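Colleague: Please take a close look at one part of this model, the aromatic residues and the cavity beside them. I would like one connected account, with the other local features added where they fit.

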Amino acid sequence: MKNSEAPMTAVGNGTQTAGRPTRLPRSARRRQLLAAAQEVFVAQGYHAAAMDDIAERAGVSKPVLYQHFPGKMELYLALLDTHCDTFVAKVQEAMRGTLDNKERVSASVRAYFDFVDHESEAFRLVFESDLRNDPAVRQRVERVEQGCIAAITDTIISDTGVSRARAELLASGLVGAAETAAQFWLASGRQVAKAEAEALVAALSWRGIASFPLQGESA
């Protein structure tokens, strides 16, 4: 590194030397652009957001932005893919992380509350998108719901032995309760402390699902 060169200053999470942006590795630049796009989409919604706004937020030129993403929709879908996959993985981990079914319920509820409470507000892209009628967006949003239901369904089947159709119905109820309650909690101004809100919803769900006996137990 040549310390005799002009000092480096931050620009859009990158750096510049003597007014010229440095060339970031492609993966790093992509992360930078996605982070900027997320801030703009969350603040303005898809329809109001412009590629100019995203480029400015990232501190790059529009040609640089278009080198990585051919359009606004591609940027939005890339963000959805990232957050959808990450969230489903958290619910899957809630199921795999313990053999205690009560804790599994608590962990899955916690995943929803953590998601809506995160400072990035990425949940708005998934649960409150103004593009829900677009087939590509709808497919990704539905993938989140189905992925979470599938993770819980498999656990219910292995523990209770009920049919897949019945387990899916139970899992969809748990997922719907957690998602709706978490969003209501946030929209109503967090009037209940987060930990207590999670515990309340988890207790409600557990009291229902616990009524189904484990395999080998009598009802």
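Modeller: Two rings of Phe, Tyr or Trp count as a pair if their centres lie within 6.5 Å, and a pair is stacked when the planes are under 30 degrees apart. The model is a predicted one, and a search of the whole structure gives nine aromatic pairs. One of them joins Tyr 112 and Phe 127: the ring centres are 6.4 Å apart and the planes meet at 15°, so this pair is stacked. The centre distance is within the 6.5 Å limit, and the angle is under the 30 degrees that stacking requires. Tyr 112 belongs to helix α5 and Phe 127 to helix α6 (residues 123–127), so the contact ties together parts that are 15 residues apart in sequence.

Both partners are buried, a term that requires a relative accessible area under 20%. For Tyr 112 the value is 2%, and for Phe 127 it is 12%. The two rings also belong to one aromatic cluster, made up of Phe 87, Tyr 112, Phe 115 and Phe 127.

Tyr 112 also leads to the cavity. The structure holds one cavity of 30 Å³ or more, and the space in the largest cavity is about 60 Å³. Its lining consists of Val 105, Ser 108, Val 109, Tyr 112, Ile 152, Leu 174, Val 175, Ala 178 and Ser 205. Two elements, α5 (101–117) and α8 (164–187), each give two or more residues to this lining. Helix α5 gives the most, with four residues. By class, the lining has seven nonpolar and two polar residues, and no charged ones. Tyr 112 thus appears both in the cavity lining and in the stacked pair with Phe 127.

Another aromatic contact involves a charge. Lys 72 lies over the face of Tyr 46, at 4.4 Å from the ring centre.

In sequence, Tyr 46 follows Gly 45, which comes just after helix α1 and takes a positive phi of about 85°. Helix α1 itself covers residues 26–44, 19 residues in total, and spans 27 Å from its first C-alpha to its last, close to the 27 Å expected at 1.5 Å a residue. The buried residues of α1 include Leu 33, Leu 34, Val 40, Phe 41 and Val 42. Arg 29, Gln 32 and Gln 38 are also among the buried residues of this helix, as are Ala 28, Ala 36 and Ala 37.

Methods. Residues numbered from 1 in each chain as written. Predicted model: local features only at pLDDT ≥ 70, side-chain atom pairs only at ≥ 80, totals over all residues. Heavy atoms only, no water. Expected span 1.5 Å × (residues − 1). Buried < 20%, exposed > 50% of the residue type's maximum accessible area, 1.4 Å probe, protein only. 1 Å grid on protein atoms, 1.4 Å probe; cavity = no way out; pocket = protein on both sides within 12 Å on 5 of 7 lines; lining within 4 Å. Points joined across faces, edges and corners; volume = space filled by probe spheres on them. Nonpolar A, V, L, I, M, F, W, Y, C, P; charged D, E, K, R; others polar. Phe/Tyr/Trp six-rings, centres within 6.5 Å; stacked < 30°, edge-to-face > 60°. Lys NZ or Arg CZ within 6 Å of the ring centre and 35° of its normal.
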